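Student: Hi! Could you walk me through this one?
Tutor: Happy to, let's have a look together.

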Amino acid sequence: RLGGSGGATYTDPAAQRFASVSQMSRLATALEVYRLEKGDFPESLGQLVEAGIVSSDDVHYPWRDEYYYRREGRSYVLLPPLR
């Protein structure tokens, strides 16, 4: 089921995973842009939103829990939400 009264909703997990691949690619690009502008990766994905690089919807796995993000020195870990 796609769509609904509250915006985009996906009940098919395959559709969520498909949308997530594209979304994670955009987040990886946004993290690199942030690093180039600020000199290091952000402490949280919220800082990407604060910097205006992505919207608050972009940091949520199609469209519920926030992606798992952790900065590790000069690199990072970005995963779908851990459950």
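Tutor: One term before we start: a residue counts as buried when its relative accessible area is under 20%. Also keep in mind that this is a predicted model.

Student: Got it. Which residues of helix 1 are buried, then?
Tutor: The buried residues there are Gln16, Ala19, Ser20, Gln23, Met24, Leu27, Ala30, Leu31 and Tyr34.

Student: And what do those buried residues of helix 1 pack against?
Tutor: They pack against helix 2 (46-50), strand 1 (68-72) and strand 2 (75-79).

Student: Let me zoom out. In what order do the elements run from the N terminus?
Tutor: The order is α-α-β-β, with 2 helices and 2 strands in the chain.

Student: How many residues does helix 1 have, and what span does it reach?
Tutor: Helix 1 covers residues 13-38, which is 26 residues, and reaches 36 Å from its first C-alpha to its last. That is close to the 38 Å expected at 1.5 Å a residue.

Student: What follows helix 1?
Tutor: Gly39 does, and its phi is positive, near 95°.

Student: Switching to the strands: do they pair parallel or antiparallel?
Tutor: Strand 1 and strand 2 pair in the antiparallel sense, over 5 bridges. As one example, Tyr68 has Leu79 in strand 2 as its bridge partner.

Student: How many residues sit between strand 1 and strand 2 in the hairpin?
Tutor: There are 2 residues between them, and Gly73 in the turn has a positive phi of about 60°.

Student: Now rings, my favourite. How many aromatic pairs does a search of the whole structure find?
Tutor: The search finds 2 aromatic pairs. In one of them, Phe41 and Tyr76 meet edge-to-face, 4.9 Å centre to centre with 70° between the planes.

Student: Why does that pair tie together parts apart in sequence?
Tutor: Phe41 lies in the loop between helix 1 and helix 2, while Tyr76 is in strand 2, so the pair joins parts that are 35 residues apart in sequence. Phe41 is also buried, with a relative accessible area of 4%.

Student: And what about Tyr69 and Tyr76?
Tutor: Their pair is tilted, at 6.0 Å centre to centre and 35° between the planes. Tyr69 counts as buried, at 11% relative accessibility. Ring pairs link Phe41, Tyr69 and Tyr76 into a cluster.

Student: Last one: what percentage of the chain is buried, and what area is exposed?
Tutor: Buried residues make up 27% of the 83 residues. The chain exposes about 5300 Å², and carbon and sulfur atoms supply 51% of that.

Note on methods: Residues numbered from 1 in each chain as written. Predicted model: local features only at pLDDT ≥ 70, side-chain atom pairs only at ≥ 80, totals over all residues. Heavy atoms only, no water. Helix = DSSP H or I, 4+ residues; strand = E, 2+ residues; numbered from the N terminus. Buried < 20%, exposed > 50% of the residue type's maximum accessible area, 1.4 Å probe, protein only. Areas by Shrake-Rupley, 256 points an atom, 1.4 Å probe, with all protein chains shown as cover. Expected span 1.5 Å × (residues − 1). Contact = heavy atoms within 4.5 Å. Pairing = 2+ DSSP bridges. Phe/Tyr/Trp six-rings, centres within 6.5 Å; stacked < 30°, edge-to-face > 60°.
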